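Please examine the sequence and the structure shown below. The paragraphs that follow discuss charged pairs, helices and a few individual residues in turn.

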Amino acid sequence: MTTLTHRARRTEVGKNSEKKVESEENVNQDRNQDNEDIGDSKDIRLTLMEEVLLLGLKDKEGYTSFWNDCISSGLRGGILIELAMRGRIYLEPPTMRKKRLLDRKVLLKSDSPTGDVLLDETLKHIKATEPTETVQTWIELLTGETWNPFKLQYQLRNVRERIAKNLVEKGILTTEKQNFLLFDMTTHPVTNTTEKQRLVKKLQDSVLERWVNDPQRMDKRTLALLVLAHSSDVLENVFSSLTDDKYDMAMNRAKDLVELDPEVEGTKHSATEMIWAVLAAFNKS
């Protein structure tokens with residue numbers, strides 16, 4: 001699991017449009033999701049997975065750190081949160097025997113397509129799975145980290161490349177080929193740096209100028225992105241451009257946030273349970 005670290009001294013700075021859904025209810029759900037953060041309303045709308053990958057990419061090189069072994073599972077967690085926020089899945093209600101977030105199953109609320117290939121593929125898996133599975137199990141299945149050969153079919157393949165292609169279509173990345181001595185690799189350098197900087201600034205502001213010291217008062221998508229950026233080990237990329245004092249403040253506040261008890265926060269009024277369930281899953285792994 002990724003950890004939040006502090007620096008004593010900084011030596012350098014830096015390390016297809018959605019389809020219409022079939023029912024009016026789901027149209028309204030997607031519209032509410034798109035308008036959830038009014039201050040973040042832009043022409044380009046990104047999914048949580050696209051935002052996490054964009055934060056993890058090196059701007060000029062166009063690939064994520066070779067040492068980052070957390071981003072794959074982080075992207076799968078983002079898929080579950082995105083589906084929940086779009087009203088497609090939810091956690092089963094708590095019972096006397098199943099109170100904890102990680103004990104409760106992921107249930108299907110609507111199988112209407114979202115227009116995103118990865119989201120819709122996951123939705124089909126969830127719909128077809130019987131018996132139902134927990135959040136932690138789904139993250140493991142979607143990443144292919146299972147010893148059950150009969151469940152390897154649930155693995156989502158080439159996730160980073162598919163998300164990158166979405167970002168290329170949205171005009172944020174481009175596609176290049178780079179030679180690494182023994183092999184060629186497709187890379188995706190950032191071309192729309194304005195969009196990435198807007199995303200970085202939004203997260204920086206959320207723990208600095210706009211810090212509310214209460215996750216229940218935070219914008220839900222911003223809260224989800226902070227949790228996913230931490231779980232994907234890309235939060236350092238977000239704060240690296242800050243001055244030392246602001247960096248330390250941002251890291252302390254982010255650390256306080258992700259170290260909250262998901263079981264407590266998930267039961268509070270208006271809490272998005274899936275965000276806290278995903279955090280609980282990563283804390284346990």
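In this predicted model, a search of the whole structure finds 15 salt bridges. Side chains of opposite charge can pair when their charged atoms come close. One of these bridges joins the side chains of Lys196 and Asp59, with a distance of 2.6 Å from N to O. This pair links distant parts of the chain: Lys196 belongs to helix α7 (residues 193–207), Asp59 lies in the loop between α2 (48–56) and α3, and the two are 137 residues apart. The partners also differ in their surroundings. Lys196 has a relative accessible area of 6% and is therefore buried, because the limit for a buried residue is under 20%. Asp59, at 30% relative accessibility, counts as partly exposed.

Other salt bridges may be examined in the same manner. Glu92 is paired with Lys98, and their closest N and O atoms are 3.5 Å apart. Here Glu92 is buried, with a relative accessible area of 15%, while Lys98 counts as partly exposed at 29%. In the bridge between Arg100 and Asp103, the closest N and O atoms are 3.2 Å apart. Arg100 is partly exposed, with a relative accessible area of 37%, and Asp103, at 30%, counts as partly exposed. Salt bridges can also be joined into a network, as they are for Glu82, Arg86 and Arg221.

The helix that holds Lys196 merits attention. How far apart are the end C-alpha atoms of α7? They are 22 Å apart, which agrees with the 21 Å that its 15 residues should span at 1.5 Å a residue. Helix α7 is mostly covered, since 11 of its 15 residues are buried. Among them are Lys196, Leu199, Val200, Leu203 and Val207, together with charged residues including Glu195, Arg198 and Asp205. The buried residues of α7 pack against α2, α8 (220–231), α9 (235–239) and α10 (244–258).

A further pair of helices may now be considered. Two packed helices are described by the angle between their axes and the distance between the axes. For α3 and helix α12 (residues 273–284), the angle is about 160 degrees and the axes are 9 Å apart. The two helices are therefore roughly antiparallel to each other, because an angle over 145 degrees is placed in that class. Their crossing is right-handed. From α3, the contact is made by Ser73, Gly74, Gly77, Leu80, Ile81 and Ala84; from α12, it is made by Met274, Ile275, Val278 and Phe282.

Beyond the end of α3 comes a loop that leads to β1 (89–91), and Gly87 lies in this loop. Is Gly87 buried or exposed? At 9% relative accessibility, Gly87 counts as buried. The C-alpha atoms of Gly87 and Ser112 are separated by 9.7 Å, although the two residues are 25 residues apart along the chain.

Finally, His125 is placed in helix α4 (residues 117–128). With a relative accessible area of 14%, His125 is buried. Which residues does His125 touch, not counting those up to four places away in sequence? They are Trp138, Leu142, Gln153, Tyr154 and Leu156.

Technical notes: Residues numbered from 1 in each chain as written. Predicted model: local features only at pLDDT ≥ 70, side-chain atom pairs only at ≥ 80, totals over all residues. Heavy atoms only, no water. Helix = DSSP H or I, 4+ residues; strand = E, 2+ residues; numbered from the N terminus. Buried < 20%, exposed > 50% of the residue type's maximum accessible area, 1.4 Å probe, protein only. Salt bridge = Lys/Arg side-chain N within 4 Å of Asp/Glu carboxyl O. Expected span 1.5 Å × (residues − 1). Contact = heavy atoms within 4.5 Å. Axes fitted to C-alpha atoms, helices over the stretch in contact; angles between N-to-C directions. Parallel < 35°, antiparallel > 145°, perpendicular 65-115°, else oblique. Left-handed = near helix turned anticlockwise from the far one by under 90°.
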